[in-house]
Structures are given as C-alpha cells and as structure tokens.
Amino acid sequence: MKCPKCNDKLYVIDVVKSTFTGEIYRKRQCKKCNRIIYTVEFKVTYDDTLAKVWNKFYRHKRKK
C-alpha cells in the first residue's frame with residue numbers, strides 16, 4: 001500500500017485478529033511522513049448473482 005499523503009510505502013506496525021468475526025485489523029505507518037492508517041480485512045462470500053449484475057452494468061466492453 002502507498003501513503004495517500006506522500007505516496008511513499010506503508011509498513012505494518014501492529015496486527016490484531018478478531019476471534020469472533022475473523023476480521024484482521026492492521027495499523028500501518030508511513031516512514032516518510034509518519035502518518036498512521038488503519039485497515040480492515042474481512043471475508044466476503046462469493047455470490048454468482050452479484051457477479052452477473054456487476055458484469056452487466058459495470059464491466060467495460062472492448063470496442064473492435
């Protein structure tokens with residue numbers, strides 16, 4: 001990941017995993033500007049109908 005402020009690389013400082021939901025919380029810091037950013041990682045179940053709707057409305061078709 002890159003820092004939104006200075007576009008430098010972010011490094012992980014701390015990781016916490018939730019035992020109930022399985023979410024992973026990460027605390028990241030930019031070495032250049034020392035900005036701290038928190039991110040959350042969670043599982044998403046795959047739904048075939050959602051993929052069909054997404055492809056129908058949001059996927060760009062190539063022009064020949």
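How many helices and strands are there in the protein? The predicted model contains 1 helix and 3 strands, and the legends below take up the fold as a whole before turning to individual close-up views.

**Figure 1. Overview of the predicted model, with its elements in the order β-β-β-α.** Read along the sequence, the elements follow the pattern β-β-β-α, which corresponds to 3 strands and 1 helix. Of the 64 residues of the protein, 14% count as buried. The accessible surface comes to about 6,400 Å², and carbon and sulfur atoms contribute 54% of that area. Among contacts in the protein with a separation of 6 or more, 19% are between residues 24 or more positions apart.

**Figure 2. The hairpin formed by S1 and S2.** Strand S1, residues 10–17, runs antiparallel to strand S2, residues 24–30, and the two are joined by 7 bridges. Two of the positions in this pairing can be followed across the strands: Tyr11 stands opposite Gln29 in S2, and Asp14 stands opposite Lys27 in S2. Between the strands of this hairpin there are 6 residues, and Gly22 takes a positive phi near 80°.

**Figure 3. The hairpin formed by S2 and S3.** Strand S2 also runs antiparallel to S3, here with 6 bridges joining the pair, and strand S3 itself covers residues 36–41. The bridge partner of Tyr25 in S3 is Val40, Tyr25 being a residue of strand S2. The hairpin has 5 residues between its strands, and in the turn Asn34 has a positive phi of about 60°.

**Figure 4. Surroundings of Thr39 in strand S3.** Thr39 counts as buried because its relative accessible area is 16%, which falls under the 20% limit for that class. The side chain of Thr39 makes a polar contact with the side chain of Arg28, at 3.3 Å. When residues up to four places away in sequence are not counted, Thr39 touches Met1, Ile24, Tyr25, Arg26 and Arg28. The C-alpha atoms of Thr39 and Arg26 are separated by 5.2 Å, although these residues are 13 residues apart along the chain.

**Figure 5. The salt bridge between Glu41 and Arg26.** The count for the protein comes to 1 salt bridge, which Glu41 forms with Arg26, with the closest N and O atoms 2.8 Å apart. The pair links distant parts of the chain, since Glu41 lies in strand S3 and Arg26 in strand S2, 15 residues apart. Both partners fall into the intermediate accessibility class: Glu41 counts as partly exposed because its relative accessibility is 40%, and Arg26 counts as partly exposed because its value is 21%. For Arg26, the class follows from a limit of 20%, under which a residue would be called buried.

**Figure 6. A nonpolar surface patch that includes Tyr25 and Val40.** The patch is made by Val16, Tyr25, Val40, Phe42 and Val44, and has an area of about 500 Å². Within the patch, Tyr25 and Val40 are also bridge partners, Val40 being the partner in S3. Tyr25 counts as partly exposed because its relative accessibility is 38%.

**Figure 7. Lys5 in the segment before S1.** Is Lys5 buried or exposed? At 61% relative accessibility, Lys5 counts as exposed, because the limit for that class is over 50%. Leaving aside neighbours within four places in sequence, Lys5 is in contact with Cys33 and Arg35. Computed along the chain, Lys5 and Cys30 are 25 residues apart, whereas their C-alpha atoms are 9.3 Å apart in space.

Note on methods
Residues are numbered from 1 along each chain as its sequence is written. This is a predicted model: local features need pLDDT of at least 70, side-chain atom pairs count only at pLDDT 80 or more; totals for chains, interfaces and linings use all residues. Side-chain values use heavy atoms; hydrogens and water are left out. Two strands pair if DSSP finds at least two bridges between them. Helices (H or I, at least four residues) and strands (E, at least two) are DSSP runs, numbered from the N terminus. Buried means under 20% relative accessible area, exposed over 50%, partly exposed in between (1.4 Å probe, protein chains only). A polar contact is a pair of N or O atoms within 3.5 Å; within protein, one must be able to donate a hydrogen and the other to accept it, and residues adjacent in sequence count only if both atoms are side-chain atoms. Contact means heavy atoms within 4.5 Å. Patches are made of residues with over 30% relative accessible area and no salt bridge: like charges are joined within 9 Å, nonpolar side chains (Val, Leu, Ile, Met, Phe, Trp, Tyr) within 5 Å. Accessible areas come from the Shrake-Rupley method with a 1.4 Å probe; for residues, only the protein chains shown count as cover. A salt bridge is a side-chain nitrogen of Lys or Arg within 4 Å of a carboxyl oxygen of Asp or Glu.
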